[in-house]
Amino acid sequence: MHQELEGKIQQLVELLRKSSKCVALTGAGVSTESGIPDFRGPDGTWKKYDPELSTASSFVLKPHQFWFLAMQFAGPLMRAEPNLAHQAMAELEKLGHITCVITQNIDGLHQKGGSQNVIELHGTAWRAVCINCGKKFSWQYVMDQMVPMCSPVPRCMWCGYILKPDATLFFEEIPQQLYQQCLDELNPCDLLIVVGSTLLVEPSGSFPEMIKKQGGKTAIINLEETWFDENADIVINGKASEILTKILQEIKK
Ligand code: APR
């Protein structure tokens with residue numbers, strides 16, 4: 001491993017050792033090595049599809065089109081397995097170095113990888129919710145409706161209205177209680193490690209700034225530059241799986 005990179009990893013290991021409460025904020029980049037594309041990277045989903053398709057208004061106006069696309073993404077997402085980055089974060093939690101993972105991802109891979117305290121800020125692909133009565137349904141229920149009956153949209157078994165994935169669409173509000181859970185984890189928090197996110201989507205895009213203002217440290221692990229890099233205490237450009245595995249090895253020494 002490159003000497004400069006090793007140095008930065010050592011710095012982060014030191015911060016982790018000293019930290020009394022470290023939170024990890026993850027984005028789509030943590031799951032690309034599990035075969036799930038990110039959104040804004042070179043092969044990102046928004047390079048192939050119009051993000052407009054993922055807005056709340058588009059869902060209401062064209063639910064058939066939305067579900068047609070959702071079903072294409074669902075297969076790879078449901079079959080994906082956690083990679084070394086998810087596993088290293090779970091191990092760091094077990095060792096007491098990470099208190100909580102706040103993730104923007106809806107794939108459930110942190111939990112599958114063994115993390116216990118996970119806040120899914122953008123919801124989950126593993127559930128659907130009725131847009132009328134709010135009842136929640138498992139992904140299996142959705143599949144049972146869509147696949148054998150070739151139904152264009154899944155419907156609520158109680159009121160018959162259309163179901164929506166239990167995930168936040170563009171221009172939809174994050175539930176206040178979820179946001180509050182994040183604030184409770186972030187205050188106090190003396191180290192925030194961002195992994196695999198451009199930090200371009202709110203509210204998580206503002207979390208690093210929030211931690212800095214509180215006097216905490218911030219670290220970024222990402223393949224590419226992010227807008228927050230110049231304000232971060234440590235920036236490590238590389239693959240999340242490699243960097244986090246190395247951090248885990250070092251911290252165990
Ligand atoms: N290791 C480290 N970084 C990676 C890796 C990897 N293996 N693979 C990709 N990345 C980086 C990319 O270079 C990119 O900078 O992860 C970042 C992913 O950024 P985005 O695609 O913008 O994903 P994210 O920040 O999670 O997006 C936030 O946008 O469209 C919405 O709701 C969607 O939750 C998502 C939100």
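Accessible areas here come from the Shrake-Rupley method with a 1.4 Å probe, and for residues only the protein chains shown count as cover. The model is predicted, so local features need pLDDT of at least 70 and side-chain atom pairs count only at pLDDT 80 or more, while totals for chains, interfaces and linings use all residues. Residues are numbered from 1 along each chain as its sequence is written, and side-chain values use heavy atoms, with hydrogens and water left out.

**Exercise 1. Describe the surface and the burial of the chain.**

Begin with the surface: the chain exposes about 12500 Å², of which carbon and sulfur atoms supply 55%. Turn next to burial, where buried means under 20% relative accessible area, exposed over 50%, and partly exposed in between (1.4 Å probe, protein chains only). Of the 253 residues in the chain, 52% are buried.

**Exercise 2. Explain why the radius of gyration of the chain agrees with that of a compact globule.**

The radius is taken over C-alpha atoms, and the globule rule is 2.2 Å times the number of residues to the power 0.38. Because the chain has 253 residues, the rule leads to a value near 18 Å, and the 19 Å of the chain agrees with this. As a further step, consider the box that the C-alpha atoms fill, which is roughly 55 × 35 × 30 Å along the principal axes.

**Exercise 3. Find the two cis peptide bonds and place their prolines.**

Helices (H or I, at least four residues) and strands (E, at least two) are DSSP runs, numbered from the N terminus, and the chain has 10 helices and 9 strands. One cis bond joins Asn187 and Pro188, with omega about 10°, and Pro188 sits in the loop between helix H8 (176-186) and strand E7 (191-195). Another cis bond joins Glu202 and Pro203, again with omega about 10°, and Pro203 belongs to the loop between E7 and helix H9 (207-213).

**Exercise 4. Decide whether Phe171 and Leu199, which have positive phi, are buried or exposed.**

Take Phe171 to start with: its phi is near 70°, a positive value in a residue other than glycine, and Phe171 lies in the loop between strand E6 (163-167) and H8. Phe171 counts as exposed because its relative accessibility is 78%.

Now take Leu199, whose phi is positive at about 60° although Leu199 is not a glycine. Leu199 is found in the loop between E7 and H9, and it counts as buried because its relative accessibility is 2%.
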